[in-house]
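Please look over the sequence and the structure shown here. A short briefing follows, grouped by topic.

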Amino acid sequence: MPLQMPNSMDECIYFTRRVFEGNGKAVAWVYKKTCPKCGKAKMSKPLDPKTKRPKIRADTYECPACGFSEAKQEHEESLTVEIIFTCPYCGMQGEVTTPAKRSKFEGVPAYVFECCGCHKKIGLTKKMKKGKSKKGEAANDAGDDAGANDE
Ligand SMILES: [Zn+2]
Ligand SMILES: [Zn+2]
């Protein structure tokens, strides 16, 4: 089944667009999870009661309907990253999914996936501040702690 790009950032806990050195690029996202307890709502970071905005630094995800909460790491690792990419090595265009669990890629925490054409590993590294990156791009990295620093 072809991957369905999210219609809105609100559907995701993570969304990023990347351009790799060479000609490769990728769009990747992680959809919010439906609460496993009540099934009525999508879980997300708890809201700050003062600002009504999600607390990006919170270490839990909560169901807004029933209040069920899950530790950040456990919650994120139960989710899936969906990726549409053009391979920077062989130019293959493809779609993959991989568990939303970061591993080290060239020394940096990253969601790592394999090109289905040349089987090289490609990493979606945590975004670090770069002089070149545009502000809007960093803001796209919802759920990415490094991106959140740019706020
Ligand atoms: Zn619930
Ligand atoms: Zn490839």
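**Sheet, metal site and ring contacts**

An open sheet of 3 strands runs in the order 7-8-9 with antiparallel pairing; strands are DSSP runs (E, at least two residues), numbered from the N terminus, and two strands pair if DSSP finds at least two bridges between them. This is a predicted model, in which local features need pLDDT of at least 70 and side-chain atom pairs count only at pLDDT 80 or more, while totals for chains, interfaces and linings use all residues. Residues are numbered from 1 along each chain as its sequence is written, chains are lettered from A and ligands numbered from 1 in the order in which they are written, and side-chain values use heavy atoms, with hydrogens and water left out.

**The sheet**

- Strand 7 (103-105) and strand 9 (121-125) are at the edges with a single partner strand each, so one side of each has no neighbour in the sheet.
- From one strand to the next, the twist averages 65 degrees (axes are lines fitted to C-alpha atoms, and angles run from 0 to 180 degrees between N-to-C directions).
- Strand 7 pairs with strand 8 (residues 108-114) in the antiparallel sense, over 3 bridges.
- Opposite Phe105 stands Val108 in strand 8.

**The zinc site**

- The zinc ion (ligand 1) has as protein donors Cys35 (SG), Cys38 (SG), Cys63 (SG) and Cys66 (SG), at 2.2 to 2.3 Å; donors are N, O and S atoms within 2.8 Å of the metal (3.2 Å for Na, K and Ca), and water is not among the atoms, so sites may look incomplete.
- The angles among the 4 donor atoms are 105 to 114 degrees, and the site is tetrahedral (four donors with all angles between 85 and 135 degrees).
- Along the chain, the donors of the zinc ion (ligand 1) follow the spacing C-x2-C-x24-C-x2-C.
- Cys63 is buried at 2% relative accessibility, whereas Cys66 is partly exposed at 39%; buried means under 20% relative accessible area, exposed over 50%, and partly exposed in between (1.4 Å probe, protein chains only).

**Aromatic rings**

- The structure holds 3 aromatic pairs: rings of Phe, Tyr and Trp (its six-membered ring) with centres within 6.5 Å, called stacked under 30 degrees between planes, edge-to-face over 60 and tilted for the rest.
- One of them joins Tyr14 and Tyr111 edge-to-face, at 5.2 Å centre to centre and 85 degrees between the planes.
- Tyr14 lies in strand 1 (residues 12-19) and Tyr111 in strand 8, so this pair ties together parts 97 residues apart in sequence.
- Arg102 lies over the face of Tyr111, 4.4 Å from the ring centre (a charge counts if NZ of Lys or CZ of Arg is within 6 Å of the centre and within 35 degrees of the ring normal).

Note on methods: Tetrahedral: all angles 85-135°; square planar, octahedral: opposite > 155°, others 65-115°. Helix = DSSP H or I, 4+ residues; strand = E, 2+ residues; numbered from the N terminus.
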